[in-house]
Each structure stands twice: as C-alpha cells, then as structure tokens.
Amino acid sequence: MDPQRDELRERIALRTHAMMRQGWLQETRELMRYREENALNTVGYKELFQHLDGTMSLEEAVELVITRTRQFAKRQMTWFKKDSATTWFNYTSSSRDLAFDQAIAFAIAEVNRLRGKPLPQ
C-alpha cells in the first residue's frame with residue numbers, strides 16, 4: 001500500500017493516540033524491568049521509557065513516537081521501492097477501501113498463480 005504522505009502521517013498519529021488511550025503507557029510501566037531486552041528496543045517503548053524515567057513529558061514522548069514512526073515508515077517505503085517485484089497500490093483517504101480490495105485480489109491471484117510452484121528467487 002502506498003498512501004499519500006498526509007494520509008500516512010494522520011494514520012500514524014491516530015494510531016499512536018489510540019494505543020495510548022488503550023493503555024500503552026501502563027503496559028510500558030509493567031515492562032520497565034525488561035527494558036533492556038532487544039524486543040523492547042523499538043520505536044514507542046524507548047520514548048515511553050524515557051517519559052517514565054522523568055526525562056521528558058508524556059506529550060513530548062508521544063510526539064516523538066509519532067515523529068520516529070513516520071521516519072521508520074519512510075525508511076521502509078524507500079527500501080521496498082528498490083524492489084522491482086513489489087506491487088504498489090496508491091490511494092487517498094477517499095479511495096482507500098478500493099485500493100485494499102485491489103491489493104487483496106492481487107494477493108489472492110498471486111497465491112493461486114504460485115500454488116505448487118517454488119517461490120521466485
């Protein structure tokens with residue numbers, strides 16, 4: 001999926017705020033003793049750990065999560081754009097459902113086409 005930049009930014013912010021409302025900070029608090037584990041060395045937990053350490057406000061931590069998530073998404077897009085085998089489905093907020101339907105149909109067709117064959121190299 002290849003959303004417009006504004007769409008992606010908005011969705012990242014909405015998802016981050018939804019996760020916060022659903023208890024992400026409390027989850028992070030409960031994981032403090034495991035903070036050195038590699039699985040928690042990720043965008044989001046690092047910033048919330050900093051907040052819980054008292055080095056930044058919650059608002060600053062959330063904004064930093066949003067910024068770093070956007071940066072990570074951009075790096076992912078750049079990496080995938082180098083792969084000529086990647087099929088992109090562009091969309092805007094108004095055409096999102098149609099693009100998802102097209103992507104699902106494409107994926108199903110590819111699974112059927114490749115069924116029983118070795119994966120392409």
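Start by selecting Asp 53: at 41% relative accessibility, this residue counts as partly exposed. You are looking at a predicted model, so keep that in mind as you click along.

**Stop 1: a bridge from Asp 53**

Keep Asp 53 selected and add Arg 35. Their side chains meet in a salt bridge, 2.8 Å from N to O. Asp 53 belongs to helix α3, while Arg 35 sits in the loop between α2 and α3, so the pair ties together parts that are 18 residues apart in sequence. Arg 35 is partly exposed too, with a relative accessible area of 26%. How many salt bridges does the count come to? The count is four, and you will visit others on this tour.

**Stop 2: along helix α3**

Now select residues 45-53, which make up helix α3. Which residues are buried here? Colour Tyr 45, Glu 47, Leu 48, Phe 49 and His 51, and you have them. Show the neighbouring helices as well: the buried residues of α3 pack against α1, α2 (24-30) and α4. Then step just past the helix to Gly 54, which follows α3 and has a positive phi, near 85°.

**Stop 3: Glu 47 and its partner**

Go back to Glu 47 and zoom in. Is Glu 47 buried or exposed? With a relative accessible area of 0%, Glu 47 is buried. Add Arg 68 to the selection: Arg 68 forms a salt bridge with Glu 47, and the closest N and O atoms are 2.7 Å apart. Because Arg 68 lies in helix α4 and Glu 47 in helix α3, this pair ties together parts that are 21 residues apart in sequence. Unlike its buried partner, Arg 68 counts as partly exposed, at 31% relative accessibility.

**Stop 4: a positive patch**

Switch on the surface and select Arg 5, Arg 9, Arg 70 and Lys 74. Together they form a positive surface patch. Where do these residues come from? The elements that give two or more residues to the patch are α1 (5-21) and α4 (58-81). Pick out Arg 70, a residue of helix α4; at 30% relative accessibility it counts as partly exposed.

**Stop 5: Asp 2 in strand β1**

Travel next to strand β1, residues 2-3, where you will find Asp 2. Asp 2 is buried, with a relative accessible area of 14%. What is Asp 2 in contact with, leaving aside its neighbours within four places in sequence? Select Met 77, Lys 81, Trp 88, Phe 89, Asn 90 and Tyr 91 to see these contacts.

**Stop 6: a pair within helix α5**

Select residues 96-114, helix α5, and highlight Glu 110 and Arg 113, which both lie in this helix. They are three residues apart, about one turn of the helix. Their side chains meet in a salt bridge, 2.8 Å from N to O. Glu 110 counts as partly exposed at 24% relative accessibility, and Arg 113 is partly exposed with a relative accessible area of 44%.

**Last stop: Pro 118**

Move on to the segment after α5 and select Pro 118. Pro 118 is exposed, with a relative accessible area of 71%. To finish, draw a distance from the C-alpha of Pro 118 to the C-alpha of Phe 49: the two residues are 44 Å apart in space and 69 residues apart in sequence. Phe 49 takes you back to helix α3, where this residue was one of the buried ones.

Note on methods. Residues are numbered from 1 along each chain as its sequence is written. This is a predicted model: local features need pLDDT of at least 70, side-chain atom pairs count only at pLDDT 80 or more; totals for chains, interfaces and linings use all residues. Side-chain values use heavy atoms; hydrogens and water are left out. Patches are made of residues with over 30% relative accessible area and no salt bridge: like charges are joined within 9 Å, nonpolar side chains (Val, Leu, Ile, Met, Phe, Trp, Tyr) within 5 Å. Accessible areas come from the Shrake-Rupley method with a 1.4 Å probe; for residues, only the protein chains shown count as cover. Lys and Arg count as positive and Asp and Glu as negative; His and the chain ends are not counted. The place of a charge is taken as NZ of Lys, CZ of Arg, CG of Asp or CD of Glu. Helices (H or I, at least four residues) and strands (E, at least two) are DSSP runs, numbered from the N terminus. Buried means under 20% relative accessible area, exposed over 50%, partly exposed in between (1.4 Å probe, protein chains only). Contact means heavy atoms within 4.5 Å.
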